[in-house]
Amino acid sequence: MDSGDADSSTWYLPDGAIIRLGKGNVMDMVLSPDGTLLAIGSYLGLWWYDVPNRSLLTLWEAGKTITTVAFSACGEWVATGGWGAPIKIWDVKRGNCLAELARDKSGYATDIIFSSDRKRLVVGGSTRHSNPEKRLYCSVEVWQLPENLQDCAATARPEREAIYVGTNPLTLSPDNHLLAFASPDGVPEPFHTNGYPVVDGRWILASNSVVVYELATGQHLVTLDGLNDISSISFSPSGKFLAACDSKGTTNVWEVPEQLSPETHSWHLHKVYQELDDNGSHYISWTPENRLLTTVYAYRDDTFSVQDLENSEILYRHPKETGYYHSDFSKGVRLAFESECDVHLWVAGENRPISLAHTTGIFPGSLRFSLDGKTLLANSGYGGIFSWDVTHPDNLPHIFKPLGMKPGTDEGQERYLSVDMSPDGKHFVISGDGRNIRLWELRSDVPMVTFPLQDEPCTAAFSPIANLLACRDETNRIHIWDITTGDIYDTYISGETYDPYFAFSPDGAFIACAPFQLYDISQRKTVNQFSSDDGFYFLAFSPDPLRIWCDSPASDNETIDLWDFQRDEEVLSLPKPKWWQEKDINTFALSTCGHYLACSPYTWTDEESVCVWDIRKGSEPIITFELTESLGCLTFSPNNTLLAGACSTGTILLWDLKPFINS
């Protein structure tokens, strides 16, 4: 496997983009059997790391979502699965695809395992086959692999051996005789490729039972109950025990009978490890010595640990808050797990993990550049405020998250609602939980001011000109505080809305609350020119505080309009491109000078475009950027030379506008 260019921010860019920040939302990660390679499946493809050298190697399947990854026993093959895509088996060393296993286009793979003898591949996931009368939403498929698969012989392709009703997690016994997986209550019947069972109306099957089949005959041996929402299943290396863990941390261990038969009583419940003391995510793994371990992500304080179930001993606890991320505990020896800006690798018996720089995918609520255009900030809900140096895009971002989970409190997790900038370039962050809302200066450990709330905050905005802080809560009540006095300035009820736009006008005199409400702060009343019958959706204030850009999907959906609400008239109208008329606007951004705007339509697909207008030059966009991923938000740099967009892959793209705004 060749080593890649270190400047990964330029890998796989759509036409016109110059930088990509981040490596995409992680779906799965797995270490090679010898621990030298780490493969990470993401929204953006399959990332490869050289573990001993702590270096990024390459990106496979660029632009395709990889939902699950698995190595063969010797590490020479790797299998990948994705949404609506075939399962692919790859030669790790050469990088070529050895085989493709067809799957239904509407399904996706959630778990893959190779048998240790390389004769079979087992795939768990969802499928929706074309026959509407015989629906199979969750399935486990067994594929036979030919001996000459490595030679890519066209005459010896993998063949599907059986399909079962069930779902992940799944596991094979060490001797490859038994297959166990999660299943709905009851005894599902196996079937072959000539038929499909009917699963009436259920997209997701309840996984409260473990079913065990004999692979050679397809015979159902046993259904094991007693758990709730199974999270992991594993045979011991000796093959004498089968363990399963559920979402509450309860682990059942059954003895595997020496004489296998379809009799439930022959599978003795050997031991039960009761629910752990903290609600979280639990995944079990056996060590080579047949000790049962579990990895625990605790929701209460965002901690990640490895525990020995037999001795109730914590073998490793990550020293910092991690968040809920994917992990791999290969054979109970090597652990890989992700935090916000790193992938950590821990080996049993060692005190400290090694770390690989790998920024997790984020889905920002908003983006904002610093005044000099060198820093890009994004608020990512519970993840905090991410700050990138766009002049060094491969550097890890700084994360502003001073409170985290606030362990030991009942206030709930801190949510970061917005980041605003004052005219002198200072950045102010608004955050809150179920009881309070806070205003911070970026990078400060202490909030400037804290105000009490009775309901969960939804959106918020800061007006440094008027020293006011505004928040809309889940009951659609708008609260306005004077931060200089600490007093509530005003409270009023807004219309019900799911649109995120909530902002002060440039002079701080008005608040816009989508879809159509304007509030006059000094008069303490709404502006009456707009009503729900007009069908307006506010997009952004112009530099002129009495003008606001609007979309009108309820009436004329062919234009983007600039409205003067003091004169109650349209002052400018830009026709939408013909190829996306009749579509609502998805993202919208206006430059600080007011001369440029960028927006994209709702397409409900990953085929999206961003159009940029110079409103002084006419009605046609000056440039259109094509995308293969959807966008969540857009922003211009202060000098208008860069456009940044947050993508559905969990990354941020930057486009260079200089060739177009100077032409």
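**View 1. The hairpin of strand 38 and strand 39.** In this predicted model, Ser463 finds its bridge partner in strand 39, at Leu468. Strand 38 and strand 39 run antiparallel and are joined by six bridges. Four residues lie between the two strands of this hairpin, and Asn467 takes a positive phi near 55° there.

**View 2. The hairpin of strand 39 and strand 40.** Strand 39, made of residues 468–473, pairs with strand 40, residues 477–482, in the antiparallel sense and over five bridges. Leu469 has Trp481 of strand 40 as its bridge partner, while Ala470 has Ile480 of strand 40 in that role. Three residues separate the strands of this hairpin, and in the turn Asn476 has a positive phi of about 65°. From strand 39, Leu468, Ala470 and Arg472 point one way, whereas Leu469, Cys471 and Asp473 point the other way, and all are buried. Because six of the six residues of strand 39 are buried, this strand is largely enclosed by the rest of the structure.

**View 3. The open sheet that contains both hairpins.** The sheet is built from four strands in the order 38-39-40-41, with antiparallel pairing. Strand 38 (457–463) and strand 41 (487–493) stand at the edges with a single partner strand each, so one side of each is left without a neighbour in the sheet. On average, and with direction ignored, neighbouring strands of this sheet are turned by 15° against each other.

**View 4. A second open sheet, with strands 26 to 29.** Here four strands follow the order 26-27-28-29, and the pairing is antiparallel. The edge positions belong to strand 26 (327–330) and strand 29 (354–357), each of which pairs on one side only. Neighbouring strands of this sheet are turned by 15° against each other on average, direction ignored. Strand 26 is joined to strand 27 (residues 334–338) by four bridges, the two running antiparallel, and Asp328 has Ala336 of strand 27 as its bridge partner.

**View 5. The surroundings of Ser600.** Ser600 lies in strand 51, which covers residues 596–601, and is buried, with a relative accessible area of 0%. The side chain of Ser600 makes a polar contact of 2.6 Å with the side chain of Thr587. When residues up to four places away in sequence are not counted, Ser600 touches Ile585, Asn586, Thr587, Glu608, Ser609, Val610 and Leu631.

**View 6. Aromatic pairs and a cluster.** A search of the whole structure finds 24 aromatic pairs. One of them is formed by Trp48 and Phe71, which are edge-to-face at 5.9 Å centre to centre, with 75° between the planes. This pair links distant parts of the chain, since Trp48 is in strand 4 (residues 45–50) and Phe71 is in strand 6 (residues 68–71), 23 residues apart. Both Trp48 and Phe71 are buried. Phe510 and Phe565 also form an edge-to-face pair, at 5.0 Å centre to centre and with 80° between the planes. Phe510 belongs to strand 43 (residues 510–513), while Phe565 is in the loop between strand 48 (559–564) and strand 49 (569–575), 55 residues apart. Phe510 and Phe565 are both buried. Elsewhere, Phe304, Tyr316, Phe329, Phe337 and Trp346 form one aromatic cluster.

**View 7. Charged ends over tryptophan rings.** The ring of Trp47 has the charged end of Lys23 over it, 5.8 Å from the ring centre. Over the ring of Trp77 sits the charged end of Arg118, 4.2 Å from the centre of that ring.

Technical notes: Residues numbered from 1 in each chain as written. Predicted model: local features only at pLDDT ≥ 70, side-chain atom pairs only at ≥ 80, totals over all residues. Heavy atoms only, no water. Pairing = 2+ DSSP bridges. Axes fitted to C-alpha atoms, helices over the stretch in contact; angles between N-to-C directions. Buried < 20%, exposed > 50% of the residue type's maximum accessible area, 1.4 Å probe, protein only. Polar contact = N/O pair within 3.5 Å; in protein donor to acceptor, adjacent residues only side chain to side chain. Contact = heavy atoms within 4.5 Å. Phe/Tyr/Trp six-rings, centres within 6.5 Å; stacked < 30°, edge-to-face > 60°. Lys NZ or Arg CZ within 6 Å of the ring centre and 35° of its normal.
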